[in-house]
Amino acid sequence: MEYYSPTELSEAYALLSKYGDAAIPIAGSTFFMGHREELFNEVDAVINIKKLGLSYIKLEDNILKIGATTTLSEIFESGLTSQGVYKILSETVNELNIYEVRNMATIGGEVCIAGEVDMPTTLLAYDTNIVIGSNDGTRVVSMADFHIGYLNNALEVNEMVTEVQIPRPPANTGGGFRKFKRTAADLPIVSVAVRVSLGSDGACEDVRVVVGAATLSGIPQRSAAAEAVLLNQKIDEALIKQVAEASSDVECIDDFRVPAVVRSLWVKCSIEDALKKALAEAGKGE
Amino acid sequence: MIPICLKVNGEDCPVQVKAHWSLAFVLREKIGLTGTKTGCEMGTCGSCTILLDGKPIFCCLKMAVDAEGHELTTIEGIENDGVLHPLQQTFIDGHGMQCGYCTPGMIIAAKALLEGNSNPSEHEVRLAIGGHLCRCGTYVRIVKSIMDAAEIVRNT
Amino acid sequence: MTMETSVIGKSLPLLDAYEKVTGRLKFAGDMPPLQRMHHAKVLRSPYAHAKVAHIDTSAAEALSGVSAVITYKDDITGNKKTCNSPWQDFSFNFRGPMISQEVCYVGDEVAVVSAVDEDVAKEALQLIEVEYEELPAVFDMEESMKPDAPQVHPWGPNVLDPSVFEWGDIEQGFKEADYIIENRITLGNQQHAPLDRNACTAHWEGDRVSLWTSTQALFWIRDAVTEFFELSPSKVRVYSSPTGGSFGLWWGNNFMFLAIAIARKARRPVRLILTRDEVQTTVKRRERPLIDVKIGIKKDGTMVSQSFRHLMDNGAYGNKFDPYQSVADIYTTPHGRAEFIGVSTNLLPAGCMRGVGDLTLAYAIEQTVDMAAEKIDMDPVEFRLKNHWKTGDICHTSQEVLFAKLLFNKEPEVSLTSSGLAECIQKGADKMGWKEKWKGWGKPSSVDGYKIRGVGMGISTHISGLAFFGFNGITIKVNPDGTMALTTGIGRMGQGGDTTQAMVAAEVLGVELEDINVIDGDTEVVGHTMVTFGSNGMHMVARATKAAAEHAREQLLEFAAQELEANPEDLDIKHRRIFVKGSEDIGIELKELMSKPIYEYLSAPEVIGSASKGVEFHKAGKMMIADFAEVEIDTRTAQMKLIKFVAYHDSGTIVNPAICENQVAGGYYQSMGLCTTENLIFDEETGAILNPNFMDYKIMGPLDMPDPDIYFAEVYDEDGPFGAKGIGEGVTCAVPIAVANAVYNAIGVRFDLPITPEKILQALKSKVH
């Protein structure tokens, strides 16, 4: 297995083109090293992308742009993501109570793992776009289209994620992220991200209800039914319950970890809790 | 084999490594610093926690080749000229351990916490060791030892 | 207890605390490599039951860097031994040949490779060609007991002869009862899951073999190796390093024998380190119980009869015929019957894990006793107080009785040395606030919106060692500066055994704990020490330590008597100084005595104290526990939360309170795991374990449970050294049932373990509101 640590994007792209699917870009390396027994036989080249200048968080043209190799800790601590309209990002990181992983794992890595990680659930709720680079240039794919299936993303063999872009949400937007696990140090069993934008009349103008970790598809999924209940409505206790009930359009996985019947229950509870929080935040009018 | 130089506890350690070797493996088997433990080799137990530029990481998930150019701190490096770090002393006095296997990882994680926050709440202490398992179940005294060390650090 | 002591009773730091906090302590996998050492890897069966029809290791052997490969075809793997007698195979865990042509569980060893490093060894494993012929397998105990069940392994029948204990007349006992309550329980599959992965390094030099590993069973391994490889004990040297947790896992394990075998063939030292998955899926698990209980009570709550049938899932190679329990005697009834049956299945071998039968049977008894108390609307605390055993009561089901019968065909009476159980129950209830929180049967402790609280209790007991575990030989050597070297073979698993044994010695010898250096874990250097299990350290091994210390003390006083021109009976030692009682200014510092030449010998004295002590068994020391739990069920999320936990322990004199508190806390966290999230899940089709590591075998972390409230009833035990009994295993035994009984109080449903959100959800759905 070869190891490369390029300092120019063009170098990295050239290596990706050369090795194709036998190359793997790494930044935090937590997924790669955590699965090394399975992956070592498939990988001929490891490309460390941390020297490519992709660690940054900046606000540009009303878009929050986070470089792919920015760690979860950096997102947790940054002024841009720990307060204001984007603080849902810091709140999402805060649900991972393993500091060592926060210090290593990157947003690019989390986005590429179409599986049991938290960030994509929240990013989907915030209409995130994924910037992808290669020898063929740059393209942008929405978070919704980026995950194809469990552990399967839309990258071609010569591509890598370079940046994550989160457009500024409308005024009076609030977000909530809620997670259920078996113990405190655990994979997410159920995670839910809710984003609610209120109109001047206090009714819900725009909404995303995203279920992660528990889905049968293995990737974060919006609940169209739950969103439909909320849209254009004023949100009260009774409605929140209805929203939660409606989320059964998202089918939950049934496995040896936690059965579907419990996951479904936790999806409903998560939606209730996350929605309440999102509503409270939206009401603050940032 | 790739020649690298790791800076461990202030010392330069030149070593030849294979690309797929973890930092934990290299520290223990090639540099001889066995204080850092490898309970699971997959980032689920916390026994391999070391500091990289002062921040706790799981070195079982870190590639050794990727650790060049950083300051690495292991349990062997936190005493000062033979004088134990306050955490080491409070863990001894307060029985913050039973078998001792999780102890280096716990102490290193706690050290990072106290360097950023010398007055943590009990909950903040538990969060700092959130990814650390102690099968002997010594959490009560581990947390107390860390709180006691925080007090010493505040008063020094 | 009004004993005056200098050292006993203080929370002195562990003797090896410095090494632990600096990372200097070497566990088995930390040992520096031996010269020319190679690394071993094991090829394991993917099938639960199969014959190895064909195995070709030639490609593996030809791989550059490989030094040896062994399979069942190698004589050294010993296709000649069988474990047909428990007396010969104490570890319940290693069987006949170390590699057999018939593999009997997923993970069973098929081949071992040694190579220059683990990478080459792994590559070599992939080059071994194996053809398996699958054989029928059985995964369920009751299925395995049927006459047409497939035979699990070739070494004996699926069902061991039952161990039966009877007293009084059980049929009469049920006739006399006003009410008979019957119940059946089972628990999940718990695994020891210590953090340390252990390692075994084996090295042959001519016809001598040395072995470095972590184990609780130093001399057992030495004895098992001598028997298996047909060597003299003088040719086998076993070193046991401290282990990062064991809880019953590291006794004699097959991988140790494999390391020895491959080292012989490779003609090199070889180290075999288990991976995390191997630790949890290829060595041992707690035997899963299936227990039928029947108890008979009078209207006034007096228990008159109790009967148990306790099946134990021994897995593929376990051969336990007794679960090692004492709790069948914790309620005194004139009539009783206990039957224990070991059953094999084609699953991971099972054996002892912390608490053993006192955890499994306590769950059964204490759930049934609660049912009985409910029947007559009696407070559960009152019921326990009315029926529990007392000092001097007969222990009908003790293993001493079983072994006396097996070995000598005698049927002795064994009685209880001491009991502080009443205090544990009464004071534990107080500490829980039982009077305020217990609202009666069918009434939760409190209801607040979605959240329903309940309280429950459970009692249990556990042996403090068993006499037939063997004699203990301890020595204490006094150095010229008055410090001392204590040799012992006690296991170092985190239970602080070295420290507490040294504290006993220090108390007798009038010195400080830090004056004693403990030399442990070398079969050539230390005297035979019983296997460190059954919580035998403080109540049994320490008797020999105390006697060795007294022997050394005797010698010291003799020398001092000459020096001080006094009678030895008039002398005492305290704080490193020997003095005349009543005239304390007349005395001599220990270090001066030990370094001062004596005229007759023209040299300073040497003192070595030694003792070899067995334990006479007609009285049995048992630790006792009363646990109280307050739980909260969130009916919205179907989750259980523990609000408060009180653990009240009687372990006699508490030699080192901090060590003992840590032990109690440890048992609490392990049992809370068994209660909630710990369960090895076997695939129904293949028998493979679906959750082989910490990713999905979830143990408690620092954020998962509230701190337990821990108390000790210090009742002085006349038979224990300084009044002490054991503590190490009782700490798990009553925790799960206290919690389960509390859950019943909250939501009116009785569960087997683990109590999962799924079970709670189902229970809530089925309740009519």
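The following questions and answers concern a predicted model.

Q: Which helix gives the largest share of the largest nonpolar core?
A: The largest nonpolar core has 388 residues, and those with the most contacts inside it include C:Ala259 and C:Ile262. Of this core, 13 residues form the largest share from one element, and they come from residues 537-564 of chain C, helix α15.

Q: At which residue does α15(C) bend?
A: Helix α15 of chain C spans residues 537-564, and C:Glu565, with a positive phi near 55°, follows it. Within α15(C) there is a bend of about 35°, located at C:Arg543.

Q: Is C:Val120 buried or exposed?
A: C:Val120 is part of helix α3 (residues 118-127) of chain C. Beyond its neighbours within four places in sequence, its contacts are C:Leu63, C:Gly65, C:Val66 and C:Ala115. A residue counts as buried if 20 or more other C-beta atoms lie within 10 Å of its own. Because C:Val120 has 20 other C-beta atoms within 10 Å, C:Val120 is buried.

Q: Which element gives the largest share of the side of domain 1 of chain A that touches domain 2 of chain A?
A: Chain A is divided into domain 1 (2-167) and domain 2 (173-283), and the contact takes 20 residues from domain 1 of chain A and 21 residues from domain 2 of chain A. On the domain 1 side, the elements giving two or more residues are α6 (87-94), α9 (119-125) and β8 (147-149) of chain A. The largest share, five residues, comes from α9(A).

Note on methods. Residues numbered from 1 in each chain as written. Chains lettered and ligands numbered in written order. Predicted model: local features only at pLDDT ≥ 70, side-chain atom pairs only at ≥ 80, totals over all residues. Core = buried A, V, L, I, M, F, W, Y, C linked by C-beta atoms within 7 Å. Buried ≥ 20, exposed ≤ 12 C-beta atoms within 10 Å, placed from the backbone. Helix = DSSP H or I, 4+ residues; strand = E, 2+ residues; numbered from the N terminus. Bend = angle between axes of the 7 residues up to and from the residue. Contact = placed C-beta atoms within 7 Å. Domains from an automatic or database assignment.
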